[in-house]
Amino acid sequence: MEIVHGIENWSPSGPTCVAIGTFDGVHRGHQALLRGAVAAARAQHAVAVALTFDPHPLAVLAPQRLPPLLGTLEDRLALFAALGVDRALVARFDRNLARTTAEAFTRDVLAGRLQARAVFVGYNFRFGRDGAGTPADLERWGRRWGFWTHVVPPVRIGRQAVSSSWIRGALEMGEVEAAAQGLDRLYSVTGRVIRGAGRGASLGFPTANLEVPAGLALPAPGVYAVWVRVGGALHRGVANLGRRPTFGGGELRLEVHLLDVAVPLYGQRIRVGFVRRLREERRFAGPAQLAEQIRRDVAAARQILQEPPTADPLLGTATPGD
């Protein structure tokens with residue numbers, strides 16, 4: 001997949017079918033848009049394009065309302081590629097773009113620069129200055145400038161419409177299994193392994209301490225059964241996300257113990273996928289009691305982590321044709 005940063009750097013390559021969105025998390029609803037654009041492009045011998053924005057528009061328009069994000073731009077792009085997108089256009093969201101009217105964006109960017117023949121948006125899509133543009137506007141302007149608009153309805157799990165905010169809410173409750181349903185993959189984060197205090201090793205359970213990028217959503221504090229990707233290999237693990245109250249507390253940290261394998265991790269970037277919350281974090285009387293609980297956590301994780309994720313990018317099943 002080709003990645004283009006900046007609308008001004010886009011070089012036309014013939015007609016396109018475009019999915020537009022911020023795509024925070026690339027959840028099942030987003031995937032419906034992207035798969036629609038890919039299928040339309042294949043049918044029309046066009047180029048499948050994902051048009052996304054970085055930074056998140058709220059980071060510019062209302063930073064105080066910016067939620068923790070469900071992945072990095074790098075994650076987003078990897079998922080676009082896995083879904084069959086041919087070209088990704090990362091539009092730089094700044095005050096100039098925010099001032100562009102919806103009609104001008106449709107005419108100049110979609111119909112003009114991208115040569116769109118089909119545009120896919122979500123049912124609640126808003127765009128242009130002050131968010132004034134609607135899917136109905138796109139449908140009307142598309143007829144004028146030569147593309148058709150497909151408005152994708154909500155994807156539901158039972159009665160629940162899948163959305164980025166719903167997935168964030170599930171994570172805040174520690175309900176990582178619900179988040180995985182909405183994402184069609186494990187919720188995961190990548191971090192660089194940094195040096196810790198070595199307390200895990202002293203208890204017989206050495207841990208990797210992750211430096212997680214700022215601004216990312218994390219599940220509720222607690223102990224989790226996890227899958228860990230180190231390079232090209234997947235390993236079972238137990239993760240503690242918390243403040244280590246047994247040792248006096250501190251800043252929130254993500255620490256991971258790999259089961260059945262000892263590999264050098266310091267300085268590496270590893271990905272941790274959350275499978276199930278085993279328990280809340282709590283304070284123990286001392287190291288011996290904590291070590292005994294960790295042994296129980298490891299035994300529980302072994303029972304849960306029977307089969308690795310069926311496909312990976314990003315520890316999931318978001319693949320074309322699902």
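**Exercise 1. Sort the residues that line the largest pocket by class, then trace where the lining comes from.**

Start with the classes: the lining of the largest pocket has 21 nonpolar, 14 polar and eight charged residues. Keep in mind as you work through these exercises that this is a predicted model.

Next, the total. The lining of this pocket is made up of 43 residues. If you want to find the middle of the pocket on screen, go to Thr22, Pro57, Asn124, Phe125 and Arg126, which lie nearest its centre. The volume comes out at about 1200 Å³.

Now look at the helices. At least two lining residues each come from α1 (28–44), α2 (57–61), α4 (95–99) and α7 (164–172). Of these, α4 supplies the largest share, with four residues.

**Exercise 2. Work out how α7 and α8 are oriented, and say what their contact is made of.**

Step one is the geometry. Helix α8 covers residues 176–183, and it packs with α7 at an angle of about 160°, their axes being 7 Å apart. An angle over 145 degrees counts as roughly antiparallel, so that is how α7 runs relative to α8.

Step two is the handedness: α7 and α8 make a left-handed crossing.

Step three is the contact itself. From α7 come Trp166, Ile167, Ala170 and Leu171, while α8 brings Val176, Ala178, Ala179, Gly182 and Leu183. Sorted by class, that contact has eight nonpolar residues, one polar and no charged.

**Exercise 3. Do the same for α5 and α6.**

Geometry again comes before anything else. Helix α5 spans residues 102–113 and helix α6 spans residues 135–145; their axes come within 11 Å and cross at roughly 45°. These two helices are therefore oblique to each other. As for handedness, α5 passes α6 in a right-handed crossing.

Then pick out the contact residues. On α5 they are Ala102, Glu103, Thr106, Arg107, Leu110 and Ala111, and on α6 they are Leu138, Trp141, Arg144 and Trp145. The class tally for this contact is six nonpolar, one polar and three charged.

**Exercise 4. Find the cavities of 30 Å³ or more and describe the lining of the largest one.**

A search through the whole structure turns up three cavities of that size. The largest cavity has a volume of about 100 Å³. It is lined by 16 residues, and Leu70, Gly71, Asp75, Leu79 and Arg185 are the closest to its centre.

Which elements give two or more residues to this lining? They are α3 (73–82) and β9 (187–194). The biggest contribution is that of α3, with three residues.

To finish, split the cavity lining by class: seven nonpolar, four polar and five charged residues.

**Exercise 5. Check the backbone at Pro55 and His45, and place each residue in the chain.**

A bit of background helps here: most residues other than glycine have a negative phi, and most peptide bonds are trans.

Take the proline to begin with. The peptide bond from Asp54 to Pro55 is cis, with omega near 0°. To place Pro55, look in the loop between β3 (47–54) and α2.

Now turn to the histidine. His45 is not a glycine, yet its phi is positive, at about 55°. Where does His45 sit? His45 belongs to the loop between α1 and β3.

Methods:
Residues numbered from 1 in each chain as written. Predicted model: local features only at pLDDT ≥ 70, side-chain atom pairs only at ≥ 80, totals over all residues. Heavy atoms only, no water. 1 Å grid on protein atoms, 1.4 Å probe; cavity = no way out; pocket = protein on both sides within 12 Å on 5 of 7 lines; lining within 4 Å. Points joined across faces, edges and corners; volume = space filled by probe spheres on them. Nonpolar A, V, L, I, M, F, W, Y, C, P; charged D, E, K, R; others polar. Axes fitted to C-alpha atoms, helices over the stretch in contact; angles between N-to-C directions. Parallel < 35°, antiparallel > 145°, perpendicular 65-115°, else oblique. Left-handed = near helix turned anticlockwise from the far one by under 90°. Contact = heavy atoms within 4.5 Å.
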